[in-house]
Amino acid sequence: MIRFIIGIFLLQSLCLANNPLKIFISVDMEGIGGIGTGAMTRSNGKDYNLGRKLMTAEVNAVVSAIINYNNDAEILVNDSHGDMQNLNHQDLDPRVVYIQGNIKPFGMVQGLDNSFDAAIFLGYHARAGTARGFLAHTGSGAVKGLWLNGVEVGEGGLNAFYAGEMGVPVILASGDDVFTDQFRKLVKCELVTTKSAVTAQVAKLKHGTIVSLELSDATVRAIKKIKNRKPIKLTNPVEIKLQFSTPAHAEILQAIPKMEWLDGYTVKYDAKNMVEAYALIRLMYKYVKP
Ligand SMILES: [Zn+2]
């Protein structure tokens with residue numbers, strides 16, 4: 001009997017050891033270490049190619065740390081900035097699968113589903129309207145504010161709630177100090193502050209190699225705590241309140257059935273869950289252009 005119990009125990013341990021981790025990585029650009037100007041995040045801007053290199057290096061640091069810990073880990077990397085064609089694929093760790101391009105309904109969380117063990121957000125920034133937040137915005141310049149069930153969120157919060165709907169916890173996030181301060185109020189996870197925002201357009205930088213080392217260490221800590229991390233989930237239905245910078249935007253969205261007009265700049269919609277909410281929010285700020 002004892003031998004039988006030990007056998008079951010060994011089998012279980014073996015299964016756990018061999019159970020490959022499945023990790024989703026969403027990588028934005030404004031919060032990457034070593035990027036200190038808006039120009040570096042735009043394809044026609046000065047030093048954009050350096051920005052791409054720094055972004056790719058941060059992803060590689062995290063990927064190496066995951067795979068060193070769990071040899072068979074499956075990793076999906078979703079390019080999440082601008083036209084979503086920023087990582088240098090040739091320099092990206094070949095052990096990942098990479099989603100490129102931005103015509104996708106779930107944008108920064110495209111590909112994330114309930115089969116993943118955890119999500120990691122790299123290179124993120126503070127939400128629209130946050131004082132001093134380096135290149136802070138939410139989705140696009142059209143948005144002044146976004147609330148889900150009354151909770152104000154930026155891209156980090158929106159994506160964390162989407163992951164929560166899928167039952168997936170965010171275990172690590174990185175960005176400038178204003179982002180990390182904001183994100184820690186919503187999500188309990190490992191955080192790496194890649195730089196300090198001086199103004200919305202100026203950052204005080206650490207060298208990229210230092211940031212990559214910090215990310216690597218934080219990834220190991222994050223994976224060790226994976227079982228203790230909880231997804232953050234909203235109750236359904238999800239009330240969306242979206243405030244735009246121009247009244248024309250809110251006005252034209254009245255064409256969508258059940259879209260309410262709260263004031264000249266703000267619309268409200270009750271979505272059945274975060275999946276419906278996410279695709280609709282993306283449609284409203286990105287594809288509707290008055
Ligand atoms: Zn971005």
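Contact, as I shall use the word, means heavy atoms within 4.5 Å. With that settled, good morning, colleagues; the structure before you is a predicted model.

I begin with helix α5, which comprises residues 208–224. From its first C-alpha to its last, this helix of 17 residues reaches 25 Å, close to the 24 Å expected at 1.5 Å a residue. Which residues of α5 are buried? They are Gly 208, Val 211, Ser 212, Leu 215, Ala 218, Thr 219, Ala 222 and Ile 223. These residues lie on the same side of α5, because they cover an arc of only 130° around the axis. As a general point, an α-helix has 3.6 residues a turn, so residues three or four places apart point the same way. On the face of α5 turned away from the buried side, one finds the exposed residues Leu 213 and Lys 224. As for what covers the buried residues of α5, the elements include helix α2 (48–69) and the strands β4 (118–124), β7 (170–176) and β8 (190–199).

Let us turn to the zinc ion. Its coordination comes from Asp 28 through OD, from Glu 30 through OE, listed twice, and from His 81 through ND1, at 2.0 to 2.6 Å. Along the chain, the donors follow the spacing D-x1-E-x50-H. Both Asp 28 and Glu 30 are buried. Why is the arrangement around the zinc ion irregular? The 4 donor atoms subtend angles of 54 to 138°, whereas four donors count as tetrahedral if all angles lie between 85 and 135 degrees.

My next subject is a single residue, Asn 159, which sits in helix α3 (residues 155–165). Asn 159 has a relative accessibility of 0% and therefore counts as buried. Setting aside its neighbours within four places in sequence, Asn 159 is in contact with Met 108, Val 109, Phe 121, Tyr 124 and Tyr 278.

I close with a sheet. Five strands form an open sheet in the order β6-β5-β10-β12-β11, and their pairing is antiparallel. The edges are taken by β6 (151–152) and β11 (260–263); each has a single partner strand, so one side of each is left without a neighbour in the sheet. Within this sheet, how many bridges join β10 to β12? There are 6 between strand β10 (residues 238–244) and strand β12 (residues 266–271), and the two run antiparallel. Gln 243, for its part, stands opposite Thr 266 in β12.

Thank you for your attention.

Terms used: Residues numbered from 1 in each chain as written. Predicted model: local features only at pLDDT ≥ 70, side-chain atom pairs only at ≥ 80, totals over all residues. Heavy atoms only, no water. Helix = DSSP H or I, 4+ residues; strand = E, 2+ residues; numbered from the N terminus. Expected span 1.5 Å × (residues − 1). Buried < 20%, exposed > 50% of the residue type's maximum accessible area, 1.4 Å probe, protein only. Arc of directions from axis to C-beta. Donors = N, O, S within 2.8 Å, 3.2 Å for Na, K, Ca; no water. Tetrahedral: all angles 85-135°; square planar, octahedral: opposite > 155°, others 65-115°. Pairing = 2+ DSSP bridges.
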